[in-house]
Amino acid sequence: MEMSIVILIAFLLSQVVHIGTQEEGEKGCVPGFQVKEYQVEYNRGFQKDHPLTQMLFDDCVGNEGMAFEVSHPDFQVDEEMNLVARRDVMDSGTVMFIHGVNEHAEDMAQVDIVGALPRSPQTLREILGLGQIHPYRSKRALFAPRMHVSENMEPPFPKVIGTVMSSGMEDDHIFHMTGSGADQDPKGVFTINRLTGEVSVSQELDREAINSYMLEVSVTDQNGKLVEGPVALLVDVNDQNDNRPIFKETRYAGEVLEGSPTGTVVMTMTAEDADDPRLQNAVLRYNIVRQSPDKPSPNMFYINPESGNIVTVISPTLLDRETLPTTQYELEIVAQDMKGRDVGLTGTSTATITITDKNDHAPEFTHSLFQANVDEGSTGVVVNLTVDDRDDPATGAWRAIYSIIKGDPTQSFEIQTNPDNNEGMLSLIKPLDYESLVFHTLLIKVENEDPLVPDVGYGSSSTATVHITILDVNEGPVFFPDPLQVTKMENVPLGSFVALLNATDPDVLQSQSIRFAVLRDPANWLSVNPVRGTVNTSANLDRESPYVQDNKYTAIFMATDNGSPPATGTGTLVIHLEDYNDNAPYVHPSVVRVCEDARDSVVIVGGRDRDIHPNTGPFKIELGKQPGLENTWKVSRVNNTHAQIMLLQNMKRANYQLPLVVTDSGLPPLSNSTEIKVQVCTCKKNRMDCSGAGSVRSNLMLLLGLVLLSLLCL
């Protein structure tokens, strides 16, 4: 048993030396003991807490959470990683093994004690330094330490990265390894020496693709019978700084209000690094390397190296949009990993910062007095008022709002803002009269859409005076009343008086005469005296004319003065026409149908009249004055406007002309003798057949024609 332990110890030592020698030549930081073998001199023993040597261990991420165990129970590794005696020790033996482990690395080192006497034989647990760090391993004879391999390793391959150890290994036992990276995709990344348990990596790895591999290791005999295991083997891929920081955007945009206090956060720059976030490989620091333009100071902004927040450094008084050489500043931002050390990789982006405007300048009129001349009676823009405003154009701090604060009691003016140039367009919306008032004085105020900042106010330059002079224009005569309304009976004699037109000249300061003329007379019924303005009929007034609407006839007259140039005005005459009973009534409908059976032969007809009340109904409808009609037909009153026609005896199917007399109720009443066409039809089962009903007069003419034709043939 003692011999097998010695052989195992020798084997393990050879593996430690082999691994240390191989890893020293690899590129980058290799987690574990940086020196695998140490020597100390034995000088009649070791004193308590006296350092023997310092252990050089690096997990490549800061050595946090490190734990060490020493194969000799009377020794330990202190916080400075010095190997010290727990008490005064005389029996140290000639060799000790140090086991170091944390979540990132696990390794073993050997300490040779020169000049010391050998100790009594040690157990395997003590030699391996397992102690209580991983108590679950105490029951296993197969030991698979956590292994680490660096990404981007350079050829040649394979490279040994560690060894799996078995306390019960015999000549016919062999190691097996399974899992993703061995016999599963990606296959063949790792291999294990079937006899020695050496684990090797066979190709270059990329941590950003796969950061760890979980494998299983077991021991079988030559027949494949499981002897030990399986146990888990975790291989961590150690990160190398092979990824540059990358900003999420190539260009960032931010803005800051002018006058903002120093330290105002403008924006945040954010970059990402695909390397291991636990290592400095992915710990970024930000820096501003260029500011354009660099006036008034090359350091107007500062970026927090860790958070990426860009803040203002320039004083609020200098951060004045109106005095700065530009309103946009461009910053070139560099993100560097390795906490910004020179060895770190970099990424670059651009930040554009816009200095936004606040309303710290009141608008001011360019002149305190504006003047304009306006023709009387006109409307439209009178004058454009100009202002200066140093704030940002097309913003609420620049856009002007004008108001008339004095001088417009009749609200004849309005003022609007021209959106293109911010000028105030003062307009007349009601015509002004020269004869009433020649001079008008307005007081105008200008403000911004946005309120001014508290320490800025509107001064005297924000108000202006406008003098408006009304120019005299020869105005056309004005009719009064307009329209002039009169009532006349239709059919009055030609030349009858209708109305007297009244027109006056507004130019009271001038002596002018007026002449009248007809401008529009649709039916040519009227004439006007050019001097006196009397209107008379020149034709009959007909209320039933198509030119009369709703009993009203409308004509337009023109009055012209003798000014230079002459001016014209128009006026309207509305004649309300009263009805005269000059239209005889008539019967409707003009064609009716009855059944040849007198019992079913009743129809309704009505009276109509183009006149209006009282020259219309009630209507009286009766049979014509032809003898014998009363034996065949009967007409009886239904109401004031309709009568009933009844067939008194059966008649043959034919068309008959029935004479009727209809009389209105006018004073005097008018009568009209007319005929209606009565179709006598065959009626069966609520159906009326009038297809064979020919006119009685037509049948007689046909019979007479046949008789004449027969005589000619004879």
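Hi everyone, let me start with a sheet. Four strands make up an open sheet with mixed pairing, and their order is 11-18-17-14. The edges belong to strand 11, residues 147-150, and strand 14, residues 174-179; each has a single partner strand, so one side of each is left without a neighbour in the sheet. From one strand to the next, the twist averages 30°. Please keep in mind that what we are looking at is a predicted model.

Staying with that sheet, look at strand 17, residues 212-220, and strand 18, residues 226-238: they pair in the antiparallel sense over eight bridges. If you want one pair to click on, take Val-217, whose bridge partner in strand 18 is Val-231.

Now let me step back to the whole chain. How many helices and strands does the protein chain have? The secondary structure comes to four helices and 54 strands. The protein chain has 714 residues, and 43% of them count as buried. About 38000 Å² of the chain is exposed, with carbon and sulfur atoms supplying 51% of that area. As for contacts, take those between residues at least 6 apart in sequence: 66% of them join residues at least 24 apart.

On to another sheet. This open sheet has three strands in the order 30-34-33, and its pairing is antiparallel. Here strand 30 (380-385) and strand 33 (413-417) stand at the edges with a single partner strand each, so each has one side left without a neighbour in the sheet. Ignoring direction, neighbouring strands of this sheet are turned by 25° against each other on average. Between strand 30 and strand 34, residues 424-428, there are five bridges in the antiparallel sense. One example to find on screen: the bridge partner of Val-381 in strand 34 is Ser-427.

Next, the aromatics. The structure holds 13 aromatic pairs. One of them is Phe-33 with Phe-68, a tilted pair at 6.2 Å centre to centre and 55° between the planes. Phe-33 belongs to strand 1 (residues 32-33) and Phe-68 to strand 5 (residues 67-70), so this pair ties together parts that are 35 residues apart in sequence. Are these two rings on buried or exposed residues? Phe-33 is buried, at 3% relative accessible area, and Phe-68, at 18%, counts as buried too. Phe-57 joins the picture here, as Phe-33, Phe-57 and Phe-68 form one aromatic cluster.

A second pair is worth your time. Why does the pair Phe-479 and Phe-516 count as edge-to-face? The ring centres are 6.1 Å apart and the planes of Phe-479 and Phe-516 stand at 65°, so the pair is edge-to-face; the cut-off for that label is over 60 degrees. This pair also links distant parts of the chain, with Phe-479 in strand 37 (residues 478-479) and Phe-516 in strand 41 (residues 514-520), 37 residues apart. Phe-479 is buried with a relative accessible area of 8%, and Phe-516 counts as buried at 9%.

One more ring before we move on: the charged end of Lys-159 sits over the ring of Phe-157, at 5.8 Å from its centre.

Let me zoom in on a single residue now. Ile-575 lies in strand 45, residues 568-578, and is buried, with a relative accessible area of 1%. Which residues does Ile-575 touch, leaving out those up to four places away in sequence? They are Val-486, Lys-488, Val-498, Leu-526, Asn-551, Lys-552 and Tyr-553. Ile-575 and Gln-485 are 90 residues apart in sequence, yet their C-alpha atoms are 6.0 Å apart in space.

I'll finish with strand 51, residues 642-647, where the side chains alternate. Ala-643, Ile-645 and Leu-647 point to one face and are buried, whereas His-642, Gln-644 and Met-646 point to the other and are not. Strand 51 pairs with strand 48 (residues 602-608) in the antiparallel sense over five bridges. Strand 50, residues 633-637, also runs antiparallel to strand 51 and is joined to it by five bridges. Strand 50 and strand 51 form a hairpin, with four residues between them. Gln-644 is a handy place to see both pairings: Ile-604 stands opposite Gln-644, and Gln-644 is also the bridge partner of Ser-636.

Thanks for listening, and I'm happy to go back to any of these views.

Definitions and conventions
Residues numbered from 1 in each chain as written. Predicted model: local features only at pLDDT ≥ 70, side-chain atom pairs only at ≥ 80, totals over all residues. Heavy atoms only, no water. Pairing = 2+ DSSP bridges. Helix = DSSP H or I, 4+ residues; strand = E, 2+ residues; numbered from the N terminus. Axes fitted to C-alpha atoms, helices over the stretch in contact; angles between N-to-C directions. Buried < 20%, exposed > 50% of the residue type's maximum accessible area, 1.4 Å probe, protein only. Contact = heavy atoms within 4.5 Å. Areas by Shrake-Rupley, 256 points an atom, 1.4 Å probe, with all protein chains shown as cover. Phe/Tyr/Trp six-rings, centres within 6.5 Å; stacked < 30°, edge-to-face > 60°. Lys NZ or Arg CZ within 6 Å of the ring centre and 35° of its normal.
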